Amino acid sequence: MITFVVSLVALIAGYFLYGRFVERVFGPDNRVTPAIEKADGVDFIVLPSWKIFMIQFLNIAGTGPIFGAIMGAKFGPVAYLWIVLGCIFAGATHDYLSGMLSVRNGGASLPELIGKYLGHTTKKVMLVFTVLLLIMVGAVFVYSPAEILHNIWGDTTMWLIVIFCYYIIATMLPIDKIIGKIYPLFAFSLLFMAAALMVVLFVKWPTLPELWTNFENMGFQASEKWTDQIFPCLFITIACGAISGFHATQSPLMGRCIKNEHWGRPIFYGAMITEGVVALIWATVSMYFFYNAPTPGYELMNVSTGFYTSAPSVVNIVCNDWLGIVGGILALLGVVAAPITSGDTAFRSGRLIVAEWLKMNQRPIANRLIICIPMFAISIALLLWQIENPDGFNTIWQYFGWCNQALSVFTLWTITVYLARERKPYIITLVPALFMTTVCATFLFISKQAFYLSEPIAYTLGAIIFITALFWFLVWHHREFKNK
């Protein structure tokens, strides 16, 4: 528990210290924001800062910091290190700068920003990649809440239909009609769940592995050994609680609602730190079950299942066993609402990205339908495959995890180029960009779903990718500024 307490304090300190430094690097001012300049009553609407924070937190959270932390807890206390350092120096920095860069560019979506700083060819590739990722998010985040609700009452198919109907309504309506009204309540439920579990942890004060005594993967050997490698698998498994490219697709949604640039740090950086705290709590709770005395339902969470830990089962057992009936209901409301709301904002973001590319006005409902119907159709097809495949959820989660982190790579490089051109200390995103580039490349080489190469070859190729990326940047930087 000492590692948990130190990690918690470090995250909070990171917001006040490093977060303020990152804010100064960007330099927010009092210029007119897109929410005022482009107000349209649908997507560009000024909202209160506290409400934007709650919506941003719920948008980026989903089940990511919960399920990812549960599955990543099998790696042991080293997960704490990634959550803390990843969140402060990579994830929150990534979220703040991508969000503020969108605000400075008229509320531009991520592909537009990538095109401006990395070129039009990259923009076209990332346009398709980003929309497919958002559709995948919709499929992943509709199935997990349906499974949790099914365990309480009803049929999974029924809940899938209900959730998808909600997706259609929320995606189509103006942002202040549903999202602006009910999201703060759901965000409160998610925060209540995290706070309640943290209180129980302090009351129980369990004896858990500490970072300085267990700096290695503590899980049993899984059937597929490549999933046991801390590098790169830990950094793919725990994504939303440390750094997530998906967040950069959500930040422009709130960037279009900000009245003042100075709101950026508490909204973007603060929401990511809050998500890191949630991930930290769930990682600790999971370690209690993995490495402490057996508890009811322990067999469902046997770490021998490795990468395929049943995260929804963990959530159900923890909420019911630790928080009682009332607390369990509130906690489950947060866990259920979070993925649903991330799913609908994923589709909303996808709609706006496509509309921006096609230059299609989104005030007419017909124009929104033209874009949304194909996205929903693809997501339903993906969902049906997921249901038919016994291990469909875990398979899609792995693909989602890699695509998610790959998107963060392009976002970090975009921000790095921006900072370099503005003659600002680009090192703050260059280091995370190089690290995540190496992580994603190595995972691709070592993963069974991709090349499935031997570890020595995979790590060697990963090192080559690192050197190549660094060399590319240095060459670009030299050419960019040699005549300036």
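Leaving aside its neighbours within four places in sequence, which residues is Lys424 in contact with? They are Val25, Phe26, Tyr418 and Leu419, where contact means heavy atoms within 4.5 Å. This is a predicted model, so local features need pLDDT of at least 70 and side-chain atom pairs count only at pLDDT 80 or more, while totals for chains, interfaces and linings use all residues. Residues are numbered from 1 along each chain as its sequence is written, and side-chain values use heavy atoms, with hydrogens and water left out.

**Lys424**

- Lys424 sits in the loop between helix 16 (392-421) and helix 17 (427-446); helices here are DSSP runs of H or I with at least four residues, numbered from the N terminus.
- Lys424 is buried but makes no salt bridge. Buried means under 20% relative accessible area, exposed means over 50%, and partly exposed is in between, using a 1.4 Å probe and protein chains only.
- A salt bridge needs a side-chain nitrogen of Lys or Arg within 4 Å of a carboxyl oxygen of Asp or Glu. For Lys424, the nearest side chain of opposite charge is Glu422, 5.1 Å away. On charge, Lys and Arg count as positive and Asp and Glu as negative, with His and the chain ends not counted.
- What the Lys424 side chain does reach is the backbone oxygen of Val25, at 3.2 Å.
- Lys424 also lies over the face of Phe26, 5.5 Å from the ring centre. The rule for a charge over a ring is NZ of Lys or CZ of Arg within 6 Å of the ring centre and within 35 degrees of the ring normal.

**Salt bridges**

- By the rule above, the count is 9 salt bridges.
- Arg265 pairs with Glu23, their closest N and O atoms being 3.2 Å apart. That links distant parts of the chain, with Arg265 in helix 13 (residues 264-291) and Glu23 in helix 2 (residues 18-26), 242 residues apart.
- Both ends of that bridge are tucked away: Arg265 is buried at 8% relative accessibility, and Glu23 is buried with a relative accessible area of 12%.
- Arg265 has a ring partner too, lying over the face of Tyr15 at 4.7 Å from the ring centre.
- Glu261 and Arg31 form another salt bridge, with closest N and O atoms 3.8 Å apart. Glu261 is in the loop between helix 12 (246-255) and helix 13, and Arg31 is in the loop between helix 2 and helix 3 (34-37), so the pair ties together parts 230 residues apart in sequence.
- The two ends of this bridge fall into separate classes: Glu261 is buried, with a relative accessible area of 1%, whereas Arg31 counts as partly exposed at 42%.
- Asp43 bridges to Arg351, with the closest N and O atoms 3.4 Å apart. Here the link runs from the loop between helix 3 and helix 4 (49-61) to helix 14, across 308 residues. Asp43 and Arg351 are both buried.
- Salt bridges with shared partners join Asp29, Arg31, Arg104 and Glu261 into one network.

**Aromatic pairs**

- There are 26 aromatic pairs by the rule used here. Rings of Phe, Tyr and Trp (its six-membered ring) pair if their centres lie within 6.5 Å, and planes under 30 degrees apart count as stacked, over 60 as edge-to-face and the rest as tilted.
- Phe347 and Phe376 have ring centres 4.7 Å apart and planes at 50°, so they make a tilted pair. Phe347 is in helix 14 (residues 311-358) and Phe376 in helix 15 (residues 365-388), so the pair ties together parts 29 residues apart in sequence.
- Phe347 counts as buried at 1% relative accessibility, and Phe376 is buried with a relative accessible area of 9%.
- Phe445 and Phe451 are also a tilted pair, at 5.8 Å centre to centre with 45° between the planes. Phe445 is buried, with a relative accessible area of 14%, but Phe451 is exposed at 51%.
- Ring pairs link Trp413, Tyr426, Trp472, Phe473, Trp476 and Phe481 into a cluster.

**Pro34**

- Pro34 has its place in helix 3 and is buried, with a relative accessible area of 2%.
- Beyond neighbours within four places in sequence, Pro34 is in contact with Ala39, Phe44, Val103, Gly106, Gly107 and Gly255.
- The C-alpha atoms of Pro34 and Ile45 are separated by 8.8 Å, the two residues being 11 apart along the chain.

How values were computed
Helices (H or I, at least four residues) and strands (E, at least two) are DSSP runs, numbered from the N terminus. A polar contact is a pair of N or O atoms within 3.5 Å; within protein, one must be able to donate a hydrogen and the other to accept it, and residues adjacent in sequence count only if both atoms are side-chain atoms.
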